[in-house]
Amino acid sequence: MAKKVEKKSALKLQPLGDRLVVERDESESVTAGGIVLPDSAKDKPARGKILAVGDGRLLKSGKRIPLQVQVGDRVLFSSYAGDTFKLGDQELVLMHEEDVLAVIK
């Protein structure tokens with residue numbers, strides 16, 4: 001029987017259920033034409049790296065379904081997904097797994 005290997009995050013935050021913590025990628029500061037963008041004009045990227053995941057979605061039957069994504073995955077998500085918060089100097093997003101649109105391979 002194969003032993004399940006879990007990746008642990010150095011992040012001191014454990015999301016619950018089907019939630020995950022994502023660190024957004026940095027915004028582009030220069031356009032393709034070479035124009036430098038001020039912070040107020042930058043769009044927040046809808047991609048990032050998963051730093052922590054919950055233990056899965058709980059069904060009404062009491063069974064827990066593990067998440068399809070894991071710590072370290074790079075993902076795309078909708079612009080309005082989750083809640084943004086700061087932990088130290090990091091700006092993170094806490095979202096449900098269903099907000100993830102795709103995993104970048």
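D55 is partly exposed, at a relative accessible area of 47%; buried here means under 20% relative accessible area, exposed means over 50%, and partly exposed is in between, with a 1.4 Å probe and protein chains only. The side chain of D55 meets that of R64 in a salt bridge, at 3.4 Å from N to O. R64 is partly exposed too, with 35% relative accessible area. A salt bridge is counted when a side-chain nitrogen of Lys or Arg sits within 4 Å of a carboxyl oxygen of Asp or Glu. All of this comes from a predicted model, in which local features need pLDDT of at least 70 and side-chain atom pairs count only at pLDDT 80 or more, while totals for chains, interfaces and linings use all residues. Residues are numbered from 1 along each chain as its sequence is written, and side-chain values use heavy atoms, with hydrogens and water left out.

The structure holds 3 salt bridges. Besides the pair just described, there is a network of salt bridges that links D25, R47 and R74. In one arm of this network, the closest N and O atoms of R47 and D25 are 3.3 Å apart. That pair ties together distant parts of the chain, with R47 in strand 2 and D25 in the loop between strand 1 and strand 2, 22 residues apart. In the other arm, R74 and D25 bring their closest N and O atoms to 2.6 Å. Here the link runs from R74 in strand 5 to D25 in the loop between strand 1 and strand 2, a separation of 49 residues. D25 counts as buried, at 18% relative accessibility. R47 counts as partly exposed because its relative accessibility is 31%, and R74 is likewise partly exposed at 31%. Side chains of opposite charge can pair when their charged atoms come close.

As for the overall build, the protein has 0 helices and 8 strands, where helices (H or I, at least four residues) and strands (E, at least two) are DSSP runs numbered from the N terminus. Along the sequence this reads as β-β-β-β-β-β-β-β. Of the 105 residues, 28% count as buried. The accessible surface comes to about 7800 Å², and 52% of that belongs to carbon and sulfur atoms; areas come from the Shrake-Rupley method with a 1.4 Å probe, and for residues only the protein chains shown count as cover. Among contacts (heavy atoms within 4.5 Å) with a separation of 6 or more, 62% are between residues 24 or more positions apart.

Strand 5 is a handy place to see how the strands fit together. Strand 5 pairs with strand 2 in the antiparallel sense over 3 bridges, and K49 stands opposite R74 in strand 5. Strand 5 also pairs with strand 8, again antiparallel, over 4 bridges, with F77 opposite V100 in strand 8. Two strands pair if DSSP finds at least two bridges between them. In a regular strand the side chains alternate between the two faces of the sheet. In strand 5, V75 and F77 make up the covered face, and R74 and L76 the uncovered one.

The covered residues V75 and F77 turn up again inside the protein. The largest nonpolar core has 13 residues, and those with the most contacts inside it are L20, V22, I50, V53, V75, F77 and M95. Such a core is a set of buried Ala, Val, Leu, Ile, Met, Phe, Trp, Tyr and Cys residues joined through side-chain atoms within 4.5 Å. Strand 1 (19-24), strand 2 (47-53), strand 5 (74-77) and strand 7 (90-96) are the elements that give two or more residues to this core. Leaving out residues up to four places away in sequence, L20 touches a list of residues including P15, I50, V53, V69, V93 and M95. V21 lies in strand 1 and is buried, with a relative accessible area of 0%. The C-alpha atoms of V21 and I50 are separated by 5.9 Å, although these residues are 29 apart along the chain.

On the outside, L76, L101 and I104 make a nonpolar surface patch of about 260 Å². Patches take residues with over 30% relative accessible area and no salt bridge, joining like charges within 9 Å and nonpolar side chains (Val, Leu, Ile, Met, Phe, Trp, Tyr) within 5 Å. L101 belongs to strand 8 (residues 100-104), and L101 counts as exposed because its relative accessibility is 61%.
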